[in-house]
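Biologist: I'd like to learn how to read a model like this one, feature by feature. Can you walk me through it?

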Amino acid sequence: MSRAVCPGSFDPVTHGHLDVIDRTSRLVDEVVVAVGNNMAKNALFSPQERMDMLREATTDRPNVTVTLFDGLLVDFCTARGAEVISKGLRAADFDYELQMAQMNRRLSGVDTVFLPTGAEWAYVSSSLVREIAGLGGDITPFVPASVADRISRRLAERSRDGGRKIRDL
Ligand code: PNS
């Protein structure tokens, strides 16, 4: 049985990520989407929320599972019996992704395959989605509708909480 890991922060998942997960699921028997269990300072969503959004967005893919991971990605891959890491590649990602792929292979023998990001999503990233949403722009073309809803609710919560903090001073 062939098994691939699609790792990432997914804060939040975008159509670009989902395209890569979907294409990977046609190439191997099983795909494990691995959400980094790290809480970056400027994260919009907790690891659990990011995992929930991915699960909602991949329910129609029976060979895709979603889980959190801690520590080294290659240790997670070895523990899960995954022989390959699958990642989408945009032009700007190349140097960093190549370095990580070579290091991961050196550490463990686990290889990485790169799928060229779908041309229609080549300019989409989670960080741009967060920035555009935070500044009131329309992000509905770039993320599933349920994710766009969650982003709106999260930003509304934050602006309420921010307002409260300022009022409480
Ligand atoms: O979506 P991102 O932020 O590009 O995902 C990065 C991620 C989670 C895939 C990467 O940071 C990672 O693999 N982290 C696990 C720690 C690790 O294995 N580091 C060594 C990399 S050579």
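Modeller: Sure. Keep in mind that this is a predicted model. Let's start with a single residue, Ser125, which sits in the loop between E5 and H5.

Biologist: Is Ser125 buried or exposed?

Modeller: Buried means under 20% relative accessible area. Ser125 comes out at 14%, so it counts as buried.

Biologist: And which backbone atom does its side chain reach?

Modeller: The side chain of Ser125 gets to the backbone nitrogen of Leu128, at 3.2 Å. Setting aside residues up to four places away in sequence, Ser125 also touches Thr14 and Arg90.

Biologist: Let's try another loop residue. Where does Asn63 lie, and what does its side chain reach?

Modeller: Asn63 is in the loop between helix H2 (47-57) and E3. Its side chain reaches the backbone oxygen of Ser25 at 2.9 Å. A polar atom of that side chain also lies 3.5 Å from the backbone oxygen of Val28. If you leave out residues up to four places away in sequence, the contacts of Asn63 are Ser25, Val28, Asp29, Glu30 and Val31.

Biologist: Now helices. How do I tell which way one faces?

Modeller: The general idea is that an α-helix has 3.6 residues a turn, so residues three or four places apart point the same way. Now take helix H3, residues 73-80: Leu73, Val74, Phe76 and Cys77 are buried there. Looking down the axis of H3, those buried residues fall within an arc of 155°, so they line one face of the helix.

Biologist: Which exposed residues sit on the face of H3 turned away from its buried side?

Modeller: Thr78 and Ala79.

Biologist: And what do the buried residues of H3 pack against?

Modeller: They pack against four strands, E1 (3-8), E2 (30-36), E3 (64-69) and E4 (84-89), and against helix H4 (94-108). Look at what follows H3, too: Gly81 comes just after the helix and takes a positive phi of about 70°.

Biologist: Which residue has a positive phi although it is not a glycine?

Modeller: Phe10, with a phi of about 55°. Phe10 belongs to the loop between E1 and H1, and at 4% relative accessibility it counts as buried. Pro12 is found in the loop between E1 and H1 as well. The peptide bond leading from Asp11 to Pro12 is cis, with omega near 5°.

Biologist: How should I think about the core?

Modeller: In soluble globular proteins, nonpolar side chains tend to be buried together. Here the largest nonpolar core has 28 residues, and those that touch the most other members are Ile21, Val33, Leu54, Ile139 and Ile151. At least two residues of this core come from each of E1, helix H1 (15-27), E2, H2, E3, helix H5 (126-134) and helix H6 (145-168).

Biologist: Which residues is Val33 in contact with?

Modeller: Leaving aside neighbours within four places in sequence, Val33 is in contact with Cys6, Phe10, Ile21, Leu54, Val64, Thr65, Val66 and Thr67. There's also a second, separate core of eleven residues, with Ala34, Val74, Ala82 and Val110 among them.

Biologist: And empty space? How do I look for that?

Modeller: Rolling a probe the size of a water molecule over the atoms shows where empty space is left. In this model the largest pocket holds about 1,000 Å³ of space. It is lined by 42 residues, of which Pro7, Gly8, Ser9, Lys87 and Glu97 are the closest to its centre.

Biologist: Which element gives the most to the lining of the largest pocket?

Modeller: H4, with six residues. E1, H1, E4, H4, strand E5 (111-116) and H5 each supply at least two residues of that lining.

Biologist: Last one: what about the start of the chain? Is Met1 buried or exposed?

Modeller: Exposed over here means over 50%. Met1 has a relative accessible area of 65%, so it is exposed. Met1 lies in the segment before E1 and touches Asp29, Glu30 and Glu83, not counting residues up to four places away in sequence. Met1 and Glu83 are 82 residues apart along the chain, with their C-alpha atoms separated by 10.0 Å.

Biologist: And an in-between case?

Modeller: Try Leu72, in the loop between E3 and H3. At 46% relative accessibility, Leu72 counts as partly exposed.

Conventions: Residues are numbered from 1 along each chain as its sequence is written. This is a predicted model: local features need pLDDT of at least 70, side-chain atom pairs count only at pLDDT 80 or more; totals for chains, interfaces and linings use all residues. Side-chain values use heavy atoms; hydrogens and water are left out. Buried means under 20% relative accessible area, exposed over 50%, partly exposed in between (1.4 Å probe, protein chains only). The arc is that of the directions from the helix axis to the C-beta atoms. Contact means heavy atoms within 4.5 Å. A polar contact is a pair of N or O atoms within 3.5 Å; within protein, one must be able to donate a hydrogen and the other to accept it, and residues adjacent in sequence count only if both atoms are side-chain atoms. A nonpolar core is a set of buried Ala, Val, Leu, Ile, Met, Phe, Trp, Tyr and Cys residues joined through side-chain atoms within 4.5 Å. On a 1 Å grid over the protein atoms alone, a cavity is a set of points where a 1.4 Å probe fits but cannot get out, and a pocket is an open set with protein on both sides within 12 Å along at least five of seven lines; lining residues have an atom within 4 Å of a point. Grid points are joined across faces, edges and corners, and a volume is the space filled by probe spheres set on the points.
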